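Thanks for asking me to look this one over. Here are my notes, written as numbered points so you can follow along with the structure open.

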Amino acid sequence: MEKLKAEMAQAQDQLHAAIKVLPDIFWIKDVEGRYVLCNDQFDAFNGIEKGSMLGRRALELDHSKKFQIHHQTDLQALSSTEPVRFSLEVPARDGGGNRHFDVQKVAIRDGEGKLTGLLGMSRDVTARELLERELAAREREYRQLAEHLPDCLIRYAATGLPVYMNTALQGVLTDKLGLALQDLFDGAES
């Protein structure tokens, strides 16, 4: 029995060490909504002293719209067997715009299926969001450039059928050759 207790204590220490080095924000709440485990990233994100939320509820930290979202998603996760996933945008502490986070929450259940708590994890995806926006802006710019290019431009699928033609080429095909563009693209879809 002592050996089992020692192994369980060691496993718990290993879990705490793993959670501590996670780059993501991580927390566990009991069924009453009190924090029982928060990593350093949680404390840093919330601008609080290390470990100061342990034994306390989120309402003691935050009364904003963000709290309402977290409260609702906590309830959702606690009533489900599947993880709840959502995105959250919050103002950056330094005033430099907004930060974007992917958040996941899942109910913790014991071996008999009894609800024992809630696990949450949040990843800062701001850099990815900014890159996706930049890529979309560049795509719009290039598409506009291609559409207004005086030269003919066409892109083919691997099957050899056309999948894109710019305005200049469409004009040549319809005006000079009398081809119906829809016929070309209908062949590409089949």
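The points below go through the sheet, its strands, the aromatic pairs, the pocket and one loop residue.

1. A word on the source before anything else: this is a predicted model. Please read each value below as computed from that model.

2. Let's start with the sheet. Its 5 strands form an open arrangement in the order 2-1-5-4-3, with antiparallel pairing. Strand 2 (35-38) and strand 3 (84-91) are the edge strands; each has a single partner strand, so one side of each lacks a neighbour in the sheet. On average, neighbouring strands are turned by 20° against each other, direction ignored.

3. Next, what packs on the sheet? Helix 4 (residues 126-148) does, touching strand 4 and strand 5 (115-124). The direction of helix 4 makes about 130° with that of strand 4.

4. Strand 3 is worth a walk from end to end. Which of its side chains are buried? Val84, Phe86, Leu88 and Val90 are, and they point to one face. Arg85, Ser87, Glu89 and Pro91 point to the other face and are not buried.

5. Strand 3 pairs with strand 4 in the antiparallel sense over 8 bridges. Within the strands, Phe86 stands opposite Val103 in strand 4. The hairpin these two strands make has 6 residues between them, and there Gly95 takes a positive phi near 80°.

6. Now the aromatic rings, where the count comes to 3 aromatic pairs. One of them is Trp27 with Phe42, a tilted pair at 6.1 Å centre to centre with 50° between the planes. The Trp27–Phe42 pair links distant parts of the chain, as Trp27 sits in strand 1 (residues 25-30) and Phe42 in helix 2 (residues 40-46), 15 residues apart. Trp27 and Phe42 are both buried. Together with Tyr35, these two residues form one aromatic cluster.

7. Another pair is Phe45 with Phe101, which is edge-to-face at 5.1 Å centre to centre and 75° between the planes. This pair also links distant parts of the chain: Phe45 belongs to helix 2 and Phe101 to strand 4 (residues 98-109), 56 residues apart. Are the two rings' residues buried or partly exposed? Phe101 counts as buried because its relative accessibility is 5%, under the 20% cut-off. Phe45, at a relative accessible area of 27%, is partly exposed.

8. Phe45 comes up again at the largest pocket, which has a volume of about 360 Å³. That pocket is lined by 17 residues, and Phe45, Lys66, Val90, Pro91 and Arg93 lie nearest its centre. Helix 2, helix 3 (65-78), strand 3 and strand 4 each supply at least two residues of the lining. Which element gives the most to the lining? Strand 3 does, with 4 residues. Of the residues nearest the centre, Val90 is buried on one face of strand 3, while Pro91 points to the other and is not buried.

9. One last residue to click on is Val125, in the loop between strand 5 and helix 4. Val125 counts as buried because its relative accessibility is 6%, under the 20% cut-off. Leaving aside its neighbours within four places in sequence, Val125 is in contact with His100, Phe101 and Asp102. Val125 and Leu88 are 37 residues apart in sequence, and 9.9 Å apart in space, C-alpha to C-alpha.

Terms used: Residues are numbered from 1 along each chain as its sequence is written. This is a predicted model: local features need pLDDT of at least 70, side-chain atom pairs count only at pLDDT 80 or more; totals for chains, interfaces and linings use all residues. Side-chain values use heavy atoms; hydrogens and water are left out. Rings of Phe, Tyr and Trp (its six-membered ring) pair if their centres lie within 6.5 Å; planes under 30 degrees apart count as stacked, over 60 as edge-to-face and the rest as tilted. Buried means under 20% relative accessible area, exposed over 50%, partly exposed in between (1.4 Å probe, protein chains only). Two strands pair if DSSP finds at least two bridges between them. Axes are lines fitted to C-alpha atoms, for helices over the stretch in contact, and angles run from 0 to 180 degrees between N-to-C directions. Contact means heavy atoms within 4.5 Å. On a 1 Å grid over the protein atoms alone, a cavity is a set of points where a 1.4 Å probe fits but cannot get out, and a pocket is an open set with protein on both sides within 12 Å along at least five of seven lines; lining residues have an atom within 4 Å of a point. Grid points are joined across faces, edges and corners, and a volume is the space filled by probe spheres set on the points.
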